[in-house]
2 protein chains.
Amino acid sequence: MKVVKFGGSSLSDASQLKKVLDIVKSDDTRQIIVVSAPGKRNKDDIKVTDALIKYYRNYINHQETTENQKWIIERYKNIIDDLKLPQTLLEEIKLNIANLSSLPIEQNDYLYDSFLSEGENSNAKIIAEFFKRNGLDASYVHPKEAGLIVSSEPSNARILPSSYDKIENLATRDEILVIPGFFGVTKDDQICTFSRGGSDITGAILAAGIKAESYENFTDVDGIFAAHPGIIKNPESISELTYREMRELAYAGFSVLHDEALIPAYRGKIPLVIKNTNNPSHPGTRIVLERENNQSPVVGISGDKGFVSINISKYLMNREIGFGKKLLQILEDLNISWEHMPTGIDDLSIVLRERELTPIKEQEIITRLTRELEVDTVSIEHHLSIIMIVGENMKNHIGVTAKATQSLSNHNINLSMISQGSSEVSVLFVIKTQEEKKAIKALYQTFFNKH
Amino acid sequence: MKVVKFGGSSLSDASQLKKVLDIVKSDDTRQIIVVSAPGKRNKDDIKVTDALIKYYRNYINHQETTENQKWIIERYKNIIDDLKLPQTLLEEIKLNIANLSSLPIEQNDYLYDSFLSEGENSNAKIIAEFFKRNGLDASYVHPKEAGLIVSSEPSNARILPSSYDKIENLATRDEILVIPGFFGVTKDDQICTFSRGGSDITGAILAAGIKAESYENFTDVDGIFAAHPGIIKNPESISELTYREMRELAYAGFSVLHDEALIPAYRGKIPLVIKNTNNPSHPGTRIVLERENNQSPVVGISGDKGFVSINISKYLMNREIGFGKKLLQILEDLNISWEHMPTGIDDLSIVLRERELTPIKEQEIITRLTRELEVDTVSIEHHLSIIMIVGENMKNHIGVTAKATQSLSNHNINLSMISQGSSEVSVLFVIKTQEEKKAIKALYQTFFNKH
């Protein structure tokens, strides 16, 4: 049994929904279908969720909401009409959308969540009906019925561990279940949404709950590429990678899925498959806990700009007990979160995201390091990028680091920093941002274009 | 004007002292001479300082000390007789050594320091007299007269900043000053010694105080080698290196000088020259604050065993604010000091010296990391070595890291970790100890035997 989640761009109009139908029909183990709200039909379009946010804002500000309701209902009407679904369904959705503007505004912590959830909820009803009318034994299932009981944290719900028992029962049902993503209900029957990446979370929870054979996540790309297509022309796509590898790639520039959303699937050891609704015959990328050592040591090369390095040196720093901790305390006092701390003997750097600093914080860091830690020198270097070479099979392949540094050296790219953690899932290079593209091209050529 | 310090092996007997005389005579800028107590004359000999420790122990335990006194006096007598110095000098030293056993035991925080200081003190008197009788205008100068006023911390004195004014006056004296190393006097006129490496400290303080043109430190080696002579046959000796480079080399196995002792010289920007009393025509190794970029990028390769790595992974660790600090807090609670913290995205290692751990502490670390930080995996890897490739000119030589990793790769040596801090004075590799010698040989060949 598979849990299959479709993102907003896969559900934006009737033609997309027909693709979804074919995908579900083509594999009868695709039994639990999690759906997002309709996404953009083209670049300039508006997502239904964003339209619901506008509707909510006007409502709480006691402004006119008729236009908001109309636009949203029109979106669903188009789909219903194009798919030739019954008008009774449209009437139900109309009513639900309109009814949002009669919910109490005062002392209602869940108002925002109730508005937003209707995007997914209405879409799930349409899709279930569409499936039924096209020969599938399908039912719409409300998250409450599915067992998605969540904590009482508006817009930031977490699944209650006790929910998994009820979710497990879904596996005993024979028909196809269409479940709206993004929200659950609290013990007090309030609609409560997950955080960003919410539909991915619903799918991951359900997959873990029913112990699915896999969790298929349909998007609009053919899976994950070995390097950014904006830099490398027609990069290889990755057939299989581990959760750890995906995280390492995601860290430096790859953003296919919201990785926090995947924790339940990761913990439940459910393989995740990223596939393309618009190209379903492509095998996509399979993300697993462990994979066999049958691929090249490097699966991908990622890069991200916007890093800064605080470089500190102090003679005999190495002898000073607690130096590192005092340093981290200063950063914590300034509410700065850091990423890496490469250490020499009498020098140490803190690598962090540019957004963590402001000119005032920079000055404060320099002042405090000089005064409290009595450092010899401190300098802050901007415009840095991190390049990651990722691959579980890199372990025991010292050749990878050698090849990578040689490749960068041959292209005259200077390393500000290099760090290979003991996990050996990745090697991380810090370079100047102006050399990022050149570096990714050089490394891609070294590891992927060699044959 | 130079400050010259001679270590114990350079002063162990009359034949060594004759070499010292020649060295001082050969350069009339060698005006301030700091001396240690007589060291070992051969492998099985006892240092005078160690004999003084035994003497002290017997004395405070109210045991017989005649033999202790006799042995120590005999050491000085041999030197005095061999150098044909007057018996009055021996009588003075005899008295001083014997008088130690009439110092009060109770409520005397400085008793140990008083005993130990007599090794250097007596030797300085002998050497001053020897210089005088051999045509030099030399005087013995007690540390109090020299201005070495120190904090009241027995066996761990620190120079008082105000002392430097008086020390500066030494530069105005024309004759050669012979000053015992290792101790100063407190404001209350108590003898108080520095910590380990004490005579080096005296020399460094005096060099900084008189703004010496250089601080020459005479030992029994021809300076610092580019790699350990026990591993590399006849390694190149290094003509010039920076304090930072020396520190980096010292960190992983090179132990020529006690580096904390050198802080005053480092802060005073005094070049330090390490020379060999037994081979004074050899230029030795010059240690400076900055050096010109005229040498090869790598000055030395060092290695040290006895490291352990605690390897931690946790999915989404990278997102967890304060994870690193919590981890360091656990180590601090267990009184464990750490060396390096290479970070991946969802993994992190702590590299530390083996001596910091015990089986009980290891168990405690694993328990607390699992329970408090909820890590996915934690493992402790023993028998690791650190290899350092050191050189200031490495900066902007990305080729160095590439060459080094290639060299290790060619020799099938696997890297547990690699870290190049932003200072770029060194690249640090963590490898298995069983491969340490092979690694040093491979790297030495790569960087020094290429031409």
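## Exercises on a predicted model

In chain B, β9(B) and β10(B) run antiparallel and are joined by 3 bridges. The model is predicted, and the exercises below start from this strand pair.

**Exercise 1.** State which residue B:Val273 stands opposite in β10(B), and which residue in β10(B) is the bridge partner of B:Glu240.

Solution. Take the β9(B) side first: B:Val273 stands opposite B:Arg286 in β10(B). Next take B:Glu240, whose bridge partner in β10(B) is B:Arg286. The strands β8(B) and β10(B) pair through 3 bridges, in the parallel sense.

**Exercise 2.** Place these strands in their sheet, give the strand order, and identify which strands stand at the edges.

Solution. The sheet is open and has 8 strands, with mixed pairing. Reading across chain B, the order is β3-β4-β2-β1-β7-β9-β10-β8. The edges are β3 (138-140) and β8 (240-242) of chain B; each has a single partner strand, so one side of each lacks a neighbour in the sheet. From one strand to the next, the twist averages 20 degrees.

**Exercise 3.** Describe how β7(B) pairs with β9(B), then find the helix that packs on the sheet at β8, β9 and β10 of chain B.

Solution. Strand β7 (residues 214-219) and strand β9 (residues 272-276) of chain B are parallel partners, linked over 5 bridges. Within this pair, B:Tyr215 has B:Leu272 in β9(B) as its bridge partner. The helix is α9 (residues 243-251) of chain B, which packs on the sheet and touches β8, β9 and β10 (285-288). The direction of α9 makes about 85 degrees with that of β8(B).

**Exercise 4.** Decide whether helices α2 and α3 of chain A are roughly parallel or roughly antiparallel, and describe their contact.

Solution. Start with the geometry: α2 (residues 48-60) and α3 (residues 66-82) of chain A pack at an angle of about 160 degrees, and their axes are 9 Å apart. Angles over 145 degrees count as roughly antiparallel, so α2(A) is roughly antiparallel to α3(A). The crossing of α2(A) past α3(A) is left-handed. On the α2(A) side, the contact includes A:Val48, A:Leu52 and A:Tyr55; on the α3(A) side, residues including A:Trp71, A:Ile72 and A:Tyr76 take part. By class, the residues of this contact are 7 nonpolar, 3 polar and 2 charged.

**Exercise 5.** Give the domains of chain A and the separation of their centres.

Solution. The domain assignment gives domain 1 (2-220) and domain 2 (300-448) for chain A. Taken over C-alpha atoms, the centres of domain 1 and domain 2 of chain A are separated by 42 Å.

Methods:
Residues are numbered from 1 along each chain as its sequence is written. Chains are lettered from A and ligands numbered from 1 in the order in which they are written. This is a predicted model: local features need pLDDT of at least 70, side-chain atom pairs count only at pLDDT 80 or more; totals for chains, interfaces and linings use all residues. Side-chain values use heavy atoms; hydrogens and water are left out. Domain bounds come from an automatic or database domain assignment. Axes are lines fitted to C-alpha atoms, for helices over the stretch in contact, and angles run from 0 to 180 degrees between N-to-C directions. Helices (H or I, at least four residues) and strands (E, at least two) are DSSP runs, numbered from the N terminus. Angles under 35 degrees count as roughly parallel, over 145 as roughly antiparallel, 65 to 115 as roughly perpendicular and the rest as oblique. A crossing is left-handed if the near helix is turned anticlockwise from the far one by less than a right angle, and right-handed if clockwise. Contact means heavy atoms within 4.5 Å. Ala, Val, Leu, Ile, Met, Phe, Trp, Tyr, Cys and Pro count as nonpolar, Asp, Glu, Lys and Arg as charged, and the others, Gly among them, as polar. Two strands pair if DSSP finds at least two bridges between them.
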